[in-house]
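Q: I have a chain open here and want to go through its packing and its voids. Can you take my questions as they come?

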Amino acid sequence: MSEQQPLTPEELFKKVEAFLKAQHEVYAPVGDIPLPAVTGSAALPLQESPAKIVASGNPAAAAGSSQPNPVEASPDQQHPTETKADTLIQSLQDCKTLDALRELCEAAAVLRTDLTGTRLVFGKGNPKADLMLIGEAPGAKEDELGEPFVGASGNLLTKILAAIKVDRSQIYIANILKHRPPDNRNPTAEERARSLPFLERQIDLIQPKLILCLGLISAQTLLNTTTALKDMRGTFHPYRGAELMVTYHPAALLRNKHLKRDTWEDVQKLRQRYDILGCEPVLLPYLQS
Ligand code: URA
């Protein structure tokens, strides 16, 4: 569903020109950085401002290293960094609709992983959803179709939602990463930091009342913590004007059936909160009159 008025060719040209200029400034220094080794880094908290990491492309900063960030070394060197971060923030702020943000994401090399040729999995659902679900990263099926949660985990997710009488077309589903990492590995701390400002903008545009984080990576990234999942679930956390709940990832349920009971309790609680907050009624289509 398009939310934008069609642009005239002149407007489109100006937009592309402005975007490419911004892209050059923001992303050019980042393009060639090697991604850091994967081992264990996904569990690190994102100590640095994501915009700074995106702008500096400094893997050490992304990995929470105590090594000084070269671009922060002296006051006179700070200015270029802040300019790049500011440009990124401005480019994101300039996206007033999800369609505009999707366009920005399509062109953003910083959102890519080290797997080449992947497709953008931007997110899908009701742009005015009161409930937003956030997973980890696209897998093979999601990459193939360009949609989140359409593989085995997605099928289970659909059933979990149906159990609380929610149809997935009425909510919004996205991931921390918008591109598939190779071999279904965990997203690295640096990949998460690079993607986060884009997801935050997406959340701000949708303005959900409730967010459900599916799995540890999603919860730790949004809440910027290394807390264990079992200690984050069961309560609502304030997050960007919404209430955020954490539960297990459907893929974890497929591997470990013992987690189903806790997940069931979580989604029941979520559904109750949804109704208490007076969110838009979401019902399975066959239950609607
Ligand atoms: N797992 C995720 O976290 N997200 C998807 O989109 C699919 C599987």
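**Helix packing and voids**

A: Start with Ala193, which counts as buried because its relative accessibility is 0%. Ala193 belongs to helix α8. Keep in mind that this is a predicted model.

Q: How far is Ala193 from Leu111, in sequence and in space?

A: Ala193 and Leu111 are 82 residues apart in sequence, and their C-alpha atoms are 9.7 Å apart in space.

Q: Back up a bit. How many helices and strands does the chain have?

A: There are 12 helices and six strands in the chain.

Q: And what percentage of the residues in the chain is buried?

A: Of the 289 residues in the chain, 49% are buried.

Q: Of the contacts between residues at least 6 apart in sequence, what share joins residues at least 24 apart?

A: That share is 76%.

Q: Back to α8. At what angle do the axes of α5 and α8 cross?

A: The axes of α5, residues 98–107, and α8, residues 189–206, cross at roughly 170° and come within 10 Å. The cut-off for roughly antiparallel is over 145 degrees, so α5 and α8 are roughly antiparallel to each other.

Q: Which residues make that contact?

A: From α5 they are Leu98, Leu101, Leu104 and Cys105, and from α8 they are Phe198, Arg201, Gln202, Leu205 and Ile206. By class, the contact of α5 with α8 has seven nonpolar residues, one polar and one charged.

Q: Some of those are three or four places apart. Why would such residues point the same way in an α-helix?

A: An α-helix has 3.6 residues a turn, so residues at that spacing point the same way.

Q: Is Gln202 buried or exposed?

A: Gln202 is buried, because its relative accessibility is 0%. Gln202 sits in helix α8.

Q: What is Gln202 in contact with, leaving aside neighbours within four places in sequence?

A: Gln202 is in contact with Leu98 and Leu101, both of which are among the α5 residues in the contact with α8. The other partners of Gln202 are Phe122, Gly123, Met132, Tyr172, Ala174 and Lys178.

Q: What about α8 and α9, what angle do they pack at?

A: The angle between α8 and α9 is about 70°, and their axes are 11 Å apart. Angles of 65 to 115 degrees count as roughly perpendicular, so α8 and α9 are roughly perpendicular to each other.

Q: Which residues meet there?

A: Arg192, Leu196 and Leu199 of α8 meet Ile217, Gln220, Thr221 and Leu222 of α9. The contact of α8 with α9 divides into four nonpolar residues, two polar and one charged.

Q: How many residues of α9 are buried?

A: Six of the eight residues of α9 are buried, which leaves the helix mostly covered. The buried ones are Ile217, Ser218, Ala219, Gln220, Thr221 and Leu222.

Q: What do the buried residues of α9 pack against?

A: They pack against α8 and α10 (229–232), and also against the strands β2 (131–135), β4 (210–214), β5 (237–239) and β6 (242–247).

Q: What follows α9?

A: Asn224 follows α9, and its phi is positive, near 50°.

Q: Now the voids. How much space lies in the largest pocket?

A: About 620 Å³ lies in the largest pocket. The pocket has 29 lining residues, and those nearest its centre are Glu136, Ser153, His249, Ala251 and Arg255.

Q: Which elements give two or more residues to the lining of the largest pocket?

A: They are α6 (140–145), α7 (152–163), α9 (216–223) and α11 (250–255). The largest share is four residues, from α11.

Q: And how does that lining split by class?

A: The pocket lining has 15 nonpolar, nine polar and five charged residues.

Q: How many cavities of 30 Å³ or more are there?

A: There is one cavity of 30 Å³ or more. The largest cavity holds about 50 Å³ of space.

Q: What lines the largest cavity?

A: The lining consists of Leu157, Ile160, Leu161, Leu212, Leu214, Thr247, Tyr248, Thr263 and Val267. The elements giving two or more residues to this lining are α7, β4 and α12 (260–276), and the largest share, three residues, comes from α7.

Q: How many of the residues lining the largest cavity are charged?

A: No charged residues line the largest cavity, and the lining divides into seven nonpolar and two polar.

Notes. Residues numbered from 1 in each chain as written. Predicted model: local features only at pLDDT ≥ 70, side-chain atom pairs only at ≥ 80, totals over all residues. Heavy atoms only, no water. Axes fitted to C-alpha atoms, helices over the stretch in contact; angles between N-to-C directions. Parallel < 35°, antiparallel > 145°, perpendicular 65-115°, else oblique. Contact = heavy atoms within 4.5 Å. Nonpolar A, V, L, I, M, F, W, Y, C, P; charged D, E, K, R; others polar. 1 Å grid on protein atoms, 1.4 Å probe; cavity = no way out; pocket = protein on both sides within 12 Å on 5 of 7 lines; lining within 4 Å. Points joined across faces, edges and corners; volume = space filled by probe spheres on them. Buried < 20%, exposed > 50% of the residue type's maximum accessible area, 1.4 Å probe, protein only.
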